[in-house]
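Dear colleague,

I am passing on to you the structure that we discussed, together with notes on a helix, a pocket and two residues. Please read the notes with the structure open beside them.

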Amino acid sequence: MFTQPEKSLKIYKKRKKALEQKSFLPKELTQLVDFIIKNQLEAAEKASPANKPETSLAPGHEVLKGRPLLPREEFPLDYETSRELALKILKFMADSNEHLVQSMEVIQKEMGGDPEFLDRAMQKYLEGDDDFFRTFGEKTPSAPRSLNFLVQSGVTPSLARTADALSLALPGNQTWKFGHCPVCGSLPYIAELREKQGFRYLHCSFCHTAYRFKRMACPYCATEKSDSFEYFHTREIPGFRVDLCSSCNMYIKTMDFREMDKKALPPLEDLESLPLDIKAKEEGYIRPTLSAWGF
């Protein structure tokens, strides 16, 4: 989505009306998503993180053994572009969403007392320090994930553009044996079936890299026992299925638009298929990652 921002924006504009008509998505949420997507794609056009002097990529033979090309905590980040985007989103949320006003005021106060707070929160996100965000969430009980949401929304375009450049160093034409992202080592948040053969691709929850993975294997526990796998789908949400693994009790949603006139925008699909998450959790399965939107 972020590697071809102009194309993605055209696809999103065609899908916007359908998104707004989803009865399970509040109007305030679709307005927020609309603002974020448009501004993220604009930020993706200009994001240009400089490589850190100490950055060194894992050699190809080690990547094939499961080592990520560059761990997420070492990712270069365009702080200027990410900060600018996060502040735009913060202002929009504070001005337009009455349910988030209190949380935004707490974040603004924190930033006012500590000019480095936002950059530090971004670094904590790179490090995967969820304790930092959970602890801060105690200050915003009405929306405990608001800081994570804000930071994730701000840094994602830069991370995706960085990952796209880094992925050129990956060994080519690979079906990866490991479920985690070969670029940054993070877990996938959604899957996709492509081409008539139904090749399975996973989408990274951190850097948004899409990478091919084995069709009959769990991306989370790596089991290949066929009796561990089940899936369900619903007529109300076509083009999606939920793959369940009884070995680890986890699930992943899978997009399959091969017989539909629909182009995938994974973060948007993650939101549009929200009822499937609810159903999977009602059946006792766990999603090991946050959504593409940080909640």
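The notes below begin with how the values were obtained and then turn to the findings.

This is a predicted model, in which local features need pLDDT of at least 70 and side-chain atom pairs count only at pLDDT 80 or more, whereas totals for chains, interfaces and linings use all residues. Residues are numbered from 1 along each chain as its sequence is written, and side-chain values use heavy atoms, with hydrogens and water left out.

Helix α5 covers residues 101-113; helices (H or I, at least four residues) and strands (E, at least two) are DSSP runs, numbered from the N terminus. Its 13 residues should span 18 Å at 1.5 Å a residue, and because the end C-alpha atoms are 18 Å apart, the two values agree; the expected span is taken as 1.5 Å times one less than the number of residues. Ser103, Met104, Val106, Ile107 and Met111 of α5 are buried. They cover an arc of only 155 degrees around the axis, so they lie on the same side of α5, the arc being that of the directions from the helix axis to the C-beta atoms. The face turned away from this buried side carries the exposed residues Gln102, Lys109, Gly112 and Gly113. Here buried means under 20% relative accessible area, exposed over 50%, and partly exposed in between (1.4 Å probe, protein chains only). The buried residues of α5 pack against α4 (79-96), α6 (117-126), α7 (130-137) and α8 (146-166), where contact means heavy atoms within 4.5 Å.

Helix α8 also holds Thr156, which is buried, with a relative accessible area of 3%. Leaving aside residues up to four places away in sequence, Thr156 touches Phe2, Gln40 and His208. Asp34, in helix α2 (residues 27-46), is likewise buried, at a relative accessible area of 13%, and on the same count Asp34 touches Tyr12 and Lys16.

As for the lining of the largest pocket, the largest share, four residues, comes from β1, while α1 (5-20), α8, β1 (188-194), β2 (199-204), β3 (210-213) and α9 (266-272) each supply at least two residues. A pocket is an open set of points on a 1 Å grid over the protein atoms alone, where a 1.4 Å probe fits, with protein on both sides within 12 Å along at least five of seven lines, and lining residues have an atom within 4 Å of a point.

With best regards
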